[in-house]
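Trainee: I would like to go through this model and ask how each label is justified.
Mentor: Go ahead, with the structure open beside us.

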Amino acid sequence: MEGLTNMMEETVLTKIDQLWQTTDYCKCDQCKIDIAAFALNRLPPRYVHSLAGELIHKFDASTIQMDAEITACVYNAIVRIGEDPNHDTEKVSY
């Protein structure tokens with residue numbers, strides 16, 4: 001449906017960028033997509049269709065409780081995918 005955006009996607013991708021760089025895991029695009037999919041399948045979707053909806057989501061996601069839940073979920077995804085990537089790590093080009 002046109003005009004709908006899952007704001008949790010943007011939030012998760014931002015959180016991946018913040019946390020992932022502090023690890024020694026593979027940084028390829030395939031791993032990033034796998035991490036995002038893993039985390040997004042464990043977090044509630046937050047669909048919006050207006051600027052007001054985006055602002056409400058950004059406020060909600062910035063609360064301590066929601067930020068902690070998203071951070072924990074994304075970090076768990078980074079570790080899970082990082083320890084068992086969905087590719088041969090010797091053949092990946094960055």
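Trainee: In which helix is Thr11 found?
Mentor: Thr11 is in helix α1. Keep in mind that this is a predicted model.

Trainee: Why is Thr11 called buried?
Mentor: The cut-off for buried is under 20% relative accessible area. Thr11 has 18% relative accessibility, so it counts as buried.

Trainee: What does the side chain of Thr11 reach?
Mentor: It reaches the backbone oxygen of Met7, at 3.1 Å. A polar contact requires N or O atoms within 3.5 Å, and the 3.1 Å from Thr11 to Met7 satisfies that.

Trainee: Which residues is Thr11 in contact with, leaving aside its neighbours within four places in sequence?
Mentor: They are His57, Ala61 and Ile70.

Trainee: Why does Lys15 count as buried?
Mentor: The same test is applied, under 20%. Lys15 comes out at 11% relative accessibility and therefore counts as buried. Lys15 also belongs to helix α1.

Trainee: What makes a polar contact with the side chain of Lys15?
Mentor: The side chain of Thr71 does, at 3.1 Å. Set against the limit of 3.5 Å, the pair Lys15 and Thr71 qualifies. Neighbours within four places aside, Lys15 is in contact with Asp67, Ile70, Thr71 and Val74.

Trainee: Which other residues of α1 are buried?
Mentor: Besides Thr11 and Lys15, the buried residues of α1 are Met7, Met8, Val12, Ile16, Leu19 and Trp20. As a general point, an α-helix has 3.6 residues a turn, so residues three or four places apart point the same way.

Trainee: What do the buried residues of α1 pack against?
Mentor: They pack against β1 (5-6), α2 (29-40), β2 (47-48), α3 (51-61) and α4 (64-83).

Trainee: How do you know that the span of α1 agrees with its 14 residues?
Mentor: The expected span is 1.5 Å times one less than the number of residues. For the 14 residues of α1, residues 7-20, that gives 20 Å, and the end C-alpha atoms are 20 Å apart, so the two agree. For α4, with 20 residues, the expected span is 28 Å and its end C-alpha atoms are 28 Å apart, so that agrees as well.

Trainee: What is found at the start of α1?
Mentor: A side-chain oxygen of Asn6 comes to within 3.1 Å of the backbone nitrogen of Met8 there.

Trainee: At what angle do α1 and α4 pack, and how far apart are their axes?
Mentor: The angle is about 65° and the axes are 9 Å apart. Their crossing is right-handed.

Trainee: Which residues meet where α1 packs on α4?
Mentor: From α1, they are Met8, Thr11, Val12, Lys15, Ile16, Leu19 and Trp20; from α4, Asp67, Ile70, Thr71, Val74, Tyr75 and Ile78. By class, this contact has 9 nonpolar, 2 polar and 2 charged residues.

Trainee: Which residues of α4 are buried, and what do they pack against?
Mentor: Met66, Ile70, Cys73, Val74, Ala77, Ile78, Val79 and Ile81 are buried. The buried residues of α4 pack against α1, α2 and α3.

Trainee: How many helices and strands does the protein have?
Mentor: There are 4 helices and 2 strands, in the order β-α-α-β-α-α along the sequence. Buried residues make up 35% of the 94 residues.

How values were computed:
Residues numbered from 1 in each chain as written. Predicted model: local features only at pLDDT ≥ 70, side-chain atom pairs only at ≥ 80, totals over all residues. Heavy atoms only, no water. Buried < 20%, exposed > 50% of the residue type's maximum accessible area, 1.4 Å probe, protein only. Contact = heavy atoms within 4.5 Å. Polar contact = N/O pair within 3.5 Å; in protein donor to acceptor, adjacent residues only side chain to side chain. Axes fitted to C-alpha atoms, helices over the stretch in contact; angles between N-to-C directions. Left-handed = near helix turned anticlockwise from the far one by under 90°. Nonpolar A, V, L, I, M, F, W, Y, C, P; charged D, E, K, R; others polar.
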